[in-house]
Structure formats: C-alpha cells, structure tokens
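Here is a short report on salt bridges, a hairpin and a cavity. The sequence and structure come first.

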Amino acid sequence: MADKKARLTVDGESIDLPVYSPTVGPDVVDVAKLISLGYFTYDPGYVSTVSCESAITYIDGEAGVLRHRGYSIEQLAEQSSFLEVCYLLIYGRLPNDDQFADFQSAIQSEQVIDDYLMSVLSSFPRNAHPMGVMCSLVGAMSAHYHDEIDINDPECRQTTAIRLIAKVPMLAAMTLRHGRNQEFVPPAPNRGYAENFLHMMFSESESDSVSPILANAMDRIFLLHADHEQNASTSTVRLVGSTDANPYACIAAGIAALWGPSHGGANEAVLQMLEEIGDPSKIDAYLKMAKDPNNPIRIMGFGHRVYKNYDPRAKVLQATYREVLGLLGIQSDPTLQMARDLERVALSDDYFIQRRLYPNVDFYSGIILKALGIPTSMFTVIFVVGRTPGWIAQWNEMISKGYKIGRPRQLYTGDVIREYPQD
C-alpha cells in the first residue's frame, strides 16, 4: 500500500499517482494509471523506469554499493565461493553444510554433455565466434528439454537452474577447445567448480593440475559477475520470460544481449585499447588524446555507468589481479606493463580522480583473463558463465510471482496517414 502520492499536472489537470518506498533506495512513482488517461511516460533506455519488483540484488551507484540478498559483495568475495553465491541468489539464503553438499552433488550429477550438444558444436567452423556458439548451444537445450519443462512447477525450475549452472561452463570449455581443434576434457568430480573450468579449458589430460591461486582468481571473477540487478541482459531474460518462453531460450536471449560490446564486451575492449596503445612509452600520448573533448578516443575500463564512485567489484579484484600477475611472473609482458601503468595513472591523475574514472571490474578481469591465457574472443563467454545464476534467479523470481507480459510503448513520430498511390 502506497503511503505517499505524487501529483502530475498536465494542461491544468492534476493526476495523483501512488508512490512506493522500497526497503532501501529511491522511492518509486507508479505511473500505470496514466494509460487510462491517455498518457505514456517517456524514458529512453529506461534509466528512470522500474520494470519489476525484486529482492535479489541492490546497487547504490553513488555510494559504490553492491549487495546480494543483503550481503555486501566485499563480504561474499571474502567469505564465500561462487557456488555458495549461486545458492544465495537462487534460494535467498546462504547454505548450511548439508545444503551446500547436496547442491554440489546435484550440479555434479548434471555435468554430462549429451551427444546432441556435441553434434551441434561440431557443425560450427573452427573460427566461429564463441558467443554465437554459446547462444546456439543453450538454445539447443531449449529444444532438447522442451517437453520436460513446466515453468509453474518449482521442482522443474530448480532442475533447470542446476542444469544450467552445471552445463554452461562445460559448453564454454567445449567452445574454446572446438575452436582450437582439441578434444574435450571432461570435468573431474574431485575438483572445485572454477578449478574444473580451467581444467576443462586448458588441461591436456585428466591428471593435469590447476594452481589454487588461478582457480581462486577464476572463482572470484565468476562471483563478482554473478548478478548486477536490472541490466540489459537481465532485463532481456525477464522480458522474454514474461511471455512464458522456455527458460533455456530466455537464457540464450540473455547471452545474445550480453554479446553487445557496450555490455558484456567491456573487458575485451580493455585489451583492444591496450593493443591500440601498442607500447608503454606511448601511454602519455594516448591519455592526452583521450583527455581532449574533441577526440573520440576513450579510456576503456575506467569509470562505470552505474557506479559514480569506485566500483566495489574492482576493489575486490584488484588484489587478485596483483596476486595472479605475481604468480605467473609475466611482468615483462608489454600489455600487462601498460595495464599497470594505466592503473597507476588513474589512481593518481587529477583528471581521473575529479571525474571518478577509477579502474572498474572490466579493467581488472580483462587483465586477469589475459594473464590466464584466455583469448579475448572468450572474455564475454566467461561473463556468461558468471552471470548465469543471476539470470536464473531473476527469471525464477519473476515466474514465482504474478507478472505481466512485457510491452513497452513508443513515442510515434511517423506519418499520420498516407494514401496508397493509384495508377
């Protein structure tokens, strides 16, 4: 029940609109009744529009806050694993030991790739873009499991969640190895989630070891990308889901939305920028061009559309980034040298500080993935693996409540009416 009202006046006529207060964050004006009065609201990009009610993730961009189910991202990254955060997002609480053991066991039971997915993968050329392959493979799951899905059955939704969390990293590893013409290495039951992922990506045999530091870095990257409120891809999953579409199709739609370079491709853009700079000695000249308002060059990986303060995920990942670079002993790599120089400048240069252009999570994750030997074309696929539980949690939350099919309106600016030409 709204305990506040907003008054909108149009052409001298006043309209009272309900105002709702969340548990934390800005109040929300309910404009639903405007359509019955002959009005729409206009908000390109939906930057001021609340599309849903959610209890999963809270962001305060001004304060640099990110919380999942009330827990700060800093605490989760320090105390939890990615799989524990998956459980938290989906079930709304942190698991106890028995619950987590059952969750891990359920995921392991789904870590099998059916022959039909292998055949779909084999149909792609070796140079196919990994994101296109991932869209297709998850889309193929929607066809394969179509008859098994009842979105109104909580147990069925849980099976879908477990299956996606289990299989998406396997599909990602298969995609990389297919592009390299390598045989797929299956997961091992005695390995952790992130460790298994790196094992499937890079091992030559089932006995090859994975550094705990690198496995922890991969786990942390997944954890920091697990959910981020109503961004473009998450909103896409919800919008498609509002039609009662197959959930695998909804996730495939989210992957397609994430593919865009303005969304999931940001960490890839960091590496492309470093390639453009070319050499550490050219950083100052590049920064000078970027500071020129008449120059289209942008510094990628600094600042954030949502966070007007320091990206809290970047703070967490900064220590991991330094740990990984120290372990691998690759300080002589010119790309990584440039990354370090850019980080140093951004944290000390008044131009960056005054504009709050701090290194963001894309900067650090891009450099870590580069150090791990993951090709830039796979960076957004890594994002897919991390974001899958968030998409599932958001879809499941929507399906579990009453919802309407999404149907945005428009400000029509075309011709009013035209007569068809007569001969």
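## Salt bridges, a hairpin and a cavity

Asp415 is partly exposed at 46% relative accessible area (buried means under 20%, exposed over 50%, partly exposed in between; 1.4 Å probe, protein chains only). Arg418 is exposed, at 68%. The model is predicted: local features need pLDDT of at least 70, side-chain atom pairs count only at pLDDT 80 or more, and totals for chains, interfaces and linings use all residues. Residues are numbered from 1 along each chain as its sequence is written, and side-chain values use heavy atoms, without hydrogens and water.

The count of salt bridges is 13 (a side-chain nitrogen of Lys or Arg within 4 Å of a carboxyl oxygen of Asp or Glu). Three are listed here.

| Acidic residue | Basic residue | N to O distance |
|---|---|---|
| Asp415 | Arg418 | 3.3 Å |
| Asp341 | Arg344 | 3.8 Å |
| Glu110 | Lys167 | 4.0 Å |

Glu110 and Lys167 lie 57 residues apart, Glu110 in the loop between helices H3 and H4, Lys167 in helix H6 (helices are DSSP runs of H or I, at least four residues; strands are runs of E, at least two; both are numbered from the N terminus). Glu110 is buried at 17%. Lys167 is buried at 2%. Shared partners join Glu110, Glu148, Arg163 and Lys167 into one network.

Strands E4 and E5 run antiparallel, joined by 4 bridges (strands pair if DSSP finds at least two bridges between them). Thr57 has His68 as its bridge partner in E5. In the hairpin, Gly64 takes a positive phi near 70°.
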